[in-house]
Amino acid sequence: MKLVPSRQHFAIAALALAAAAGANAKTLVYCSEGSPENFYPGVNTTGTSFDAAEPIYNRVVEFERGGTKVVPGLAEKWDISADGKVYTFTLRKGVKWHNHRAWKPTRDFNADDMVFMFERQWKEANPFFKVTSSNHSYFNDTGLAKQLKSVEKVDDYTVRVTLEKPDAPFLSNLAMPFAAVQSKEYADALLKAGTPEKIDQEPVGTGPFFLVQYQKDAVIRYKASPTYWGGKAKIDDLVYAITPDASVRWAKLQKGECHVMPYPNPADLDAIRKDAKVQILEQPGLNVGYLAYNVTKKPFDDVRVRKAISMAINKKAILDGVFLGTGIAAKNPLPPSMSAYDTSTKDDVYDPEAAKKLLAAAGHPNGFETDLWAMPVQRPYNPNAKRIAELMQADLAKVGVKAEIKSFEWGEYRKRMQAGEHQMGMLGWTGDNGDPDNFLAVLLGCEAARTNGSNVAKFCHQPFEELIQKAKTEVKSTERDKLYKQAQVIFKQQEPWFTIAHAVQLKPVRKEVIDFKLSPFGRHNFYGVDIKE
């Protein structure tokens, strides 16, 4: 089997495609904020990597465009048993795999591919389990690794999934990026050729666009798939112009060099709003930014120290000085737009004198030294982590705590924080499925602390854990909400995080772009989007 040998091949293919498309091809340019880690969402947790894979793949079920409702994807329909444990999926027929590479598929999407999606992340014996990374943190953090009892191919277009117990967010979880379906036939061919890693570098999917070229820190080029089962995309060419600096993204948008940009610099918003060729799409963000205390490391294993640090930091000054009106103060780990949000929670009061007394009571009358990790990138929930870290550092110095600011390249930063190398570190979360479990279990559950998952506070507190696990199997939404509200009370008592802000989602888009919809999850999906001639 012959496979694409080099980036040069991609570049030649891109030029040939552009020439073939002719002058009438519609091109949309998205000024993305960074380079993806790879093109396999199953081992990533960053929006940057999810966005890069989004055009390429489908999932068994999807979220409706711009919403949180679960709709059919590669499965046309599904049945759920009366006890809530067995899901039988009827798969869509005639779904074509991308065949723009030297490798050509010999069959359409079928049940083998859906089973492969599960087994690659679930079974350590699967030859692809450790390819690219063995840290399938989303799969584990959602509880799927323990929840799945069996995944069976009934026939070519029917798959039966049996769970150990009912799981309220199961379908919503399957609509998330990590459940992207890859070709089992392509995987087998790569394994035979001795190049299994290419599955995530030169991806083959069933999505509306196929990958043409990727040049790290520069550009990703996609082409609309003419055989896409949902109908060919309205745009012909999709380009991600990788532009890490927010002000440079804005300059490109102004000049028409890109059509959509994420994460505007709050200081640029006035100018953006005055530009007649640009509109800002806006909605409350399903997100939270926070400073995680590593509760397994001294002195943060003492709740009094965690409370003292939270009281020593001036949250209002951070919101005023960095968010500039684009965020609201966070007191809970859940965003206020969720029905399970606990409105009765009282936030920690900024009180440096009380913080000093609490530190003294905890055995630190003269303070202590610690690290303070700051993200190297702008995120939806944090417009400038370095500046926030400097403000925190100054506040902590006033109570005798000397904090050293540390940072790493984004992929390395995330990996090290998941491994628990920090004492204090900034991170955040944009919800993936609209379910409280996606925040409370994924970010604060025991499983996510043990497996180097997204619980970077390494918080595992049994009273909290019992509530969120009970909520997971509760089918009545009102009862689930009650359990989650109780969990938020315990969260505030235990203080594994200093909650910073919930940011408003702001998306500057040029006015020639038609029907781009904001995703509640902060994702970028360009299928269904058009451009005025």
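These exercises work through one helix, two cavities, a pocket and two single residues of a predicted model.

**Exercise 1. Check the length of helix 18 (residues 462-473) against the expected span.**

Step 1. Helix 18 has twelve residues. At 1.5 Å a residue, they should span 16 Å. The expected span takes one less than the number of residues, so the first residue adds no rise.

Step 2. The end C-alpha atoms of helix 18 are 17 Å apart. That agrees with the expected span.

**Exercise 2. Find which residues of helix 18 are buried, and where they sit around the axis.**

Step 1. The buried residues of helix 18 are F464, E465, L467, I468, A471 and K472. Buried here means under 20% relative accessible area.

Step 2. These buried residues cover an arc of only 165 degrees around the axis, which puts them on the same side of helix 18.

Step 3. Recall the general rule. An α-helix has 3.6 residues a turn, so residues three or four places apart point the same way.

Step 4. Turn to the other face. The face of helix 18 turned away from its buried side carries the exposed residues E466 and K470.

Step 5. Name the packing partners. The buried residues of helix 18 pack against helix 16 (437-444), helix 17 (446-450) and helix 19 (477-494).

**Exercise 3. Describe the largest cavity: its volume and its lining.**

Step 1. The count comes to five cavities of 30 Å³ or more. The largest cavity holds about 260 Å³ of space.

Step 2. Its lining has 23 residues. Nearest the centre of the largest cavity lie T45, T46, Y381, G428 and W429.

Step 3. Helix 15 (410-418) and strand 16 (424-430) are the elements that give two or more residues to this lining. Strand 16 gives the largest share, four residues.

Step 4. By class, the lining of the largest cavity divides into eleven nonpolar, eight polar and four charged residues.

**Exercise 4. Do the same for the second largest cavity.**

Step 1. The second largest cavity has a volume of about 160 Å³.

Step 2. It is lined by 15 residues. Y263, P264, R379, P380 and V504 lie nearest its centre.

Step 3. Strand 17 (residues 497-510) gives the most to this lining, with five residues.

Step 4. The lining of the second largest cavity has nine nonpolar, four polar and two charged residues.

**Exercise 5. Characterise the second largest pocket.**

Step 1. About 570 Å³ of space lies in the second largest pocket.

Step 2. The pocket is lined by 34 residues, with E54, R59, E62, F63 and N525 nearest its centre. Strand 2 (61-63) and strand 3 (70-72) are the elements that give two or more residues to the lining.

Step 3. Sort the lining of this pocket by class: 18 nonpolar, seven polar and nine charged residues.

**Exercise 6. Is D395 buried or exposed, and which residues does D395 contact?**

Step 1. D395 is found in helix 14 (residues 385-397).

Step 2. D395 has a relative accessible area of 8%, so it is buried.

Step 3. Leave aside neighbours within four places in sequence. D395 is then in contact with A312, I313, N314 and Y350.

Step 4. D395 and P352 are 43 residues apart in sequence. Their C-alpha atoms are 8.3 Å apart in space.

**Exercise 7. Place V377 and classify its exposure.**

Step 1. V377 is found in the loop between strand 14 (369-373) and helix 14.

Step 2. The relative accessible area of V377 is 23%, so V377 is partly exposed.

Step 3. V377 and M426 are 49 residues apart in sequence and 11 Å apart in space, C-alpha to C-alpha.

Conventions:
Residues numbered from 1 in each chain as written. Predicted model: local features only at pLDDT ≥ 70, side-chain atom pairs only at ≥ 80, totals over all residues. Heavy atoms only, no water. Buried < 20%, exposed > 50% of the residue type's maximum accessible area, 1.4 Å probe, protein only. Arc of directions from axis to C-beta. Contact = heavy atoms within 4.5 Å. 1 Å grid on protein atoms, 1.4 Å probe; cavity = no way out; pocket = protein on both sides within 12 Å on 5 of 7 lines; lining within 4 Å. Points joined across faces, edges and corners; volume = space filled by probe spheres on them. Nonpolar A, V, L, I, M, F, W, Y, C, P; charged D, E, K, R; others polar.
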